[in-house]
Amino acid sequence: MVNVTLLDAGDTDAYDAFLQSRAEATLYHSARYRELLLRLLPCRADYLVARRRGRIVGVLPLMRCDGSMGAVINSLPFFGSYGGVVAEDAAAAARLWAEFARLLDDPEIAAATVIDSPFAADAPGAEPSKSTFTDWRIGQFTRLDGDAGFGDRLAARIDGSARRNLRKAESSGVHVAVEPDAIDFLEACHRANMAEIGGRAKPAGFFAVFPALFRAGLDHDIYVARIDGEPVAALLIFYYKSFVEYFTPVTLATHREQQPMSAILYRAMCDAARRGCRLWNWGGTWPTQTGVYRFKRKWAAEEVRYEYHTTLKREALLAVSRAELTRSYPWFYVLPFAALAEAQPQLSHLP
């Protein structure tokens, strides 16, 4: 018999211990990341926990955002954070999905999206139910190993253009170091980079909250590249089990030609390999982001396709504009924008 309840404060240690036992569980499933989301987003956590004879055998992390058009559930929100079931067997997974389906019967629910983990393809947590919409991303990751000579092997595996960029950084006098106090530079450069491309910057609170929850040197590091003593690029990475999460890369526009990010990546990958990490996770890439995809691929990245499964409960959402959905459900995935009425071709009426 498998029983499902909501995660409470007393479950946190057992919850994280269970995730440590499952290879497919990522940082995004963790209790610490749950706290990050709760502090940053207008949401509540409804994390489902499956137990058999009192022992945790499966989990399904869910966040709920209530808005004017109903409630939206994500597993998980915030820049495509992975979610879905993590379970030790098919029976536990099925019980969690059954409870998820029951939650969707709530008339207040407008839509729900589950984002697969690209590392769970062979795990027993696959969602059995059909969804209204299916979207997809390309997951990319680079394998690391801690054996002697990894740096040389990495240099041999990466694309020739990436090696040239490394040489360019070296000849430009780029120096890389771990600087846990470089948060102000990281944030300022991130905002400048996003403004330059018309992208969406992380909320201001993120740069205050993550250092309070994630310990420098243990849970995260900030790598900084300097030229003549001045910071020109930085990278925030998170560590979780054998994963390294490539989270926030920034480079001053005036110094891209010197390739400081290449120097950071090489140093950070070598350091991560020495500390026992085995997968450098580049995160998800949209099919249309060809430039981003090629950049990651240059760094010996392998790839896997993973999906977003959206169940639409209120069809009225299809008539809402993209801008209104973004305002009403900040940092949540509501449904594919391509499905909105405003995205559909308008047919002319011939006389």
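Which residue is the bridge partner of His 220 in strand 12? In this predicted model, the partner is Phe 238. The pair offers a convenient entry into the sheet, and the account below proceeds outward from it.

Strands of a sheet pair through backbone hydrogen bonds, in either a parallel or an antiparallel sense. Here eleven strands form an open sheet, with mixed pairing, in the order 2-5-6-8-15-9-14-13-12-11-10. Strand 2 (44–45) and strand 10 (174–178) stand at its edges; each has a single partner strand, so one side of each is left without a neighbour in the sheet.

The end of this order that runs through strands 13, 12, 11 and 10 can be followed pair by pair. Strand 13 (residues 243–251) and strand 12 (residues 230–240) are antiparallel and are joined over eight bridges. Phe 238, already met as the bridge partner of His 220, stands opposite Glu 245 in strand 13.

Strand 12 is also antiparallel to strand 11, again over eight bridges. These two strands form a hairpin with two residues between them. In the turn, Asp 228 has a positive phi of about 55°. Strand 11 (residues 220–227) is largely enclosed by the rest of the structure, because seven of its eight residues are buried.

Strand 11 pairs in turn with strand 10, in the antiparallel sense and over five bridges. Within this pairing, Val 178 has Tyr 223 of strand 11 as its bridge partner. Strand 10 also contains His 175.

Is His 175 buried or exposed? With a relative accessibility of 52%, His 175 counts as exposed, since the threshold for that class is over 50%. Apart from neighbours within four places in sequence, His 175 is in contact with Val 224, Ala 225 and Arg 226. Lys 298 lies 123 residues from His 175 in sequence, and the two C-alpha atoms are 22 Å apart in space.

Attention now turns to a pair of helices. Two packed helices are described by the angle and the distance between their axes. For helix 6 (residues 183–197) and helix 7 (residues 206–213), the axes come within 10 Å and cross at roughly 140°. The crossing of helix 6 and helix 7 is right-handed. Helix 6 contributes Ile 183, Leu 186, Glu 187, His 190 and Arg 191 to the contact, while helix 7 contributes Phe 207, Phe 210 and Pro 211. By character, the residues of this contact comprise five nonpolar, one polar and two charged.

How values were computed
Residues are numbered from 1 along each chain as its sequence is written. This is a predicted model: local features need pLDDT of at least 70, side-chain atom pairs count only at pLDDT 80 or more; totals for chains, interfaces and linings use all residues. Side-chain values use heavy atoms; hydrogens and water are left out. Two strands pair if DSSP finds at least two bridges between them. Helices (H or I, at least four residues) and strands (E, at least two) are DSSP runs, numbered from the N terminus. Buried means under 20% relative accessible area, exposed over 50%, partly exposed in between (1.4 Å probe, protein chains only). Contact means heavy atoms within 4.5 Å. Axes are lines fitted to C-alpha atoms, for helices over the stretch in contact, and angles run from 0 to 180 degrees between N-to-C directions. A crossing is left-handed if the near helix is turned anticlockwise from the far one by less than a right angle, and right-handed if clockwise. Ala, Val, Leu, Ile, Met, Phe, Trp, Tyr, Cys and Pro count as nonpolar, Asp, Glu, Lys and Arg as charged, and the others, Gly among them, as polar.
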